[in-house]
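Have a look at the model below and keep it open while you read. We'll go through it a piece at a time, starting with the vocabulary.

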Amino acid sequence: MSKLRILYVASEINPFLQTSEVANFVRALPQAMQEKGMEIRILVPRFGLINERKNRLHEVVRLSGINIAVGEEEKPLIIKVASIPNAKLQVYFIDNEDYFQRKSVFHDKQEKFYEDNDERAIFFCKGVIETVKKLGWAPDVVHCNDWMTSLIPMYLKTTYKNEPLFKDTKSVFAIYNTGFSHKFGDDLFEKVKMVDIDDAILAPLKSKDYEGFLKIGMEYADVVIKNEDISEKLTQLIEDCSKDKKCEINSEEEEQLFESYYNIYNDLAS
């Protein structure tokens, strides 16, 4: 049997950036799966807080140079790469001057949520899929972590469903306690749309807020992961999604936790 290929997508990863529990999780799980014989790729945004020199990021010219459409605009995609110290893992960084040069993540110095965080998420999700296409690497499972990655399962089931590279790809969407109260503008649907995507497909996103992003991730993912310690409101949101998708992972024991994910990936790929 060939190695399972797992793509991890998240907004942060240790040691490059940590603002929440997601960063530790996305650091530990891929290495554990690699040690169990899986082939791993990791993609995150290159937020401006990440020090390129210190972390030895460098541009991958052969992967850069694509333009990504966000609504009517097209913006150039730059791909950088770095290795995780003391691990045989590379991390690919999605970069763009307009979206990821600021020295902060989702809020400005006054703690105001950036109005274009929706565009940054759309650019990131499309950029991830286009980068994997350029790599020519067909993932068996795409493990999406948190709201910023939530459009990927939908794009895989619509615009990219006929791409040979993704024809057998399954997706996992994991939810964390990283909410925000901002509501995006009425042009959100137009920005998100691609070929084959209409308003009906985007219906779960109609609230145009944090919950809307979670709902669209849950709607199109093959498995929805409820992590420990999420709020009652989020728990209820997950309860409302189709029950054959739900998977609750609770384990104090790290090895058991890793074993659970190992089994989920194998079940999805079989």
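Helices and strands here are DSSP runs numbered from the N terminus: helices are H or I with at least four residues, strands are E with at least two. This is a predicted model, so local features need pLDDT of at least 70 and side-chain atom pairs count only at pLDDT 80 or more, while totals for chains, interfaces and linings use all residues. Residues are numbered from 1 along each chain as its sequence is written, and side-chain values use heavy atoms, with hydrogens and water left out.

Let's begin with Asp146, which sits in the loop between strand 8 (141-145) and helix 5 (152-157). Is Asp146 buried or exposed? Its relative accessible area is 3%, so Asp146 is buried; the cut-offs are under 20% for buried and over 50% for exposed, with partly exposed in between (1.4 Å probe, protein chains only). Who does Asp146 touch, if we leave aside neighbours within four places in sequence? Counting contact as heavy atoms within 4.5 Å, the partners are Ser11, Val22, Phe173, Ala174, Tyr176, Thr178 and Tyr210. Val70 is another matter: Asp146 and Val70 are 76 residues apart in sequence and 20 Å apart in space, C-alpha to C-alpha.

Val70 does turn up in the surroundings of Glu119, a residue of helix 4 (residues 117-135). Setting aside neighbours within four places in sequence, Glu119 is in contact with Val70, Tyr99 and Lys191. The C-alpha atoms of Glu119 and Val192 are 8.2 Å apart in space, with their positions 73 residues apart in sequence.

Now for the helix packing. Two packed helices are described by the angle between their axes and the distance between the axes. The axes are lines fitted to C-alpha atoms, for helices over the stretch in contact, and the angles run from 0 to 180 degrees between N-to-C directions. Helix 1 (residues 21-35) packs on helix 9 (residues 254-269) at about 65°, with the axes 10 Å apart. The pair is therefore roughly perpendicular; on this scale, under 35 degrees is roughly parallel, over 145 roughly antiparallel, 65 to 115 roughly perpendicular and the rest oblique. The crossing of helix 1 and helix 9 is right-handed, meaning the near helix is turned clockwise from the far one by less than a right angle (anticlockwise would be left-handed).

What does helix 1 bring to helix 9? Phe25, Ala28, Leu29, Ala32 and Met33 meet Phe258, Tyr261, Tyr262 and Tyr265 of helix 9. That contact splits into 9 nonpolar residues, no polar and no charged, where Ala, Val, Leu, Ile, Met, Phe, Trp, Tyr, Cys and Pro count as nonpolar, Asp, Glu, Lys and Arg as charged, and the others, Gly among them, as polar.

Also in helix 1 is Gln34, which is partly exposed at 26% relative accessible area. Not counting residues up to four places away in sequence, Gln34 touches Ile40, Lys88 and Leu89. Gln34 and Lys3 are 31 residues apart in sequence, and their C-alpha atoms are 9.8 Å apart.

The other pair to look at is helix 7 (residues 210-220) with helix 8 (residues 232-239), whose axes come within 11 Å and cross at roughly 35°. This crossing, too, is right-handed. Tyr210, Glu211, Leu214, Lys215 and Met218 of helix 7 meet Lys233, Leu234, Leu237 and Ile238 of helix 8. Here the contact residues divide into 6 nonpolar, no polar and 3 charged.

On to the backbone. Most residues other than glycine have a negative phi, and most peptide bonds are trans. Asn14 and Pro15, however, are joined by a cis peptide bond with omega of about 5°, and Pro15 lies in the loop between strand 1 (5-9) and helix 1. Asn86 is not a glycine, yet its phi is positive at about 65°. Asn86 belongs to the loop between strand 6 (78-83) and strand 7 (90-95), and counts as exposed at 81% relative accessibility. Lys208, in the loop between helix 6 (188-192) and helix 7, also has a positive phi, about 60°, but counts as buried at 16% relative accessibility.

Last, the cysteines. How many disulfides does the structure hold? The number is 0, with a disulfide taken as a pair of cysteine sulfur atoms within 2.5 Å. For Cys125, the nearest cysteine sulfur is that of Cys144, 7.2 Å away. Cys125 counts as buried at 0% relative accessibility, and Cys144 counts as buried at 0% as well.
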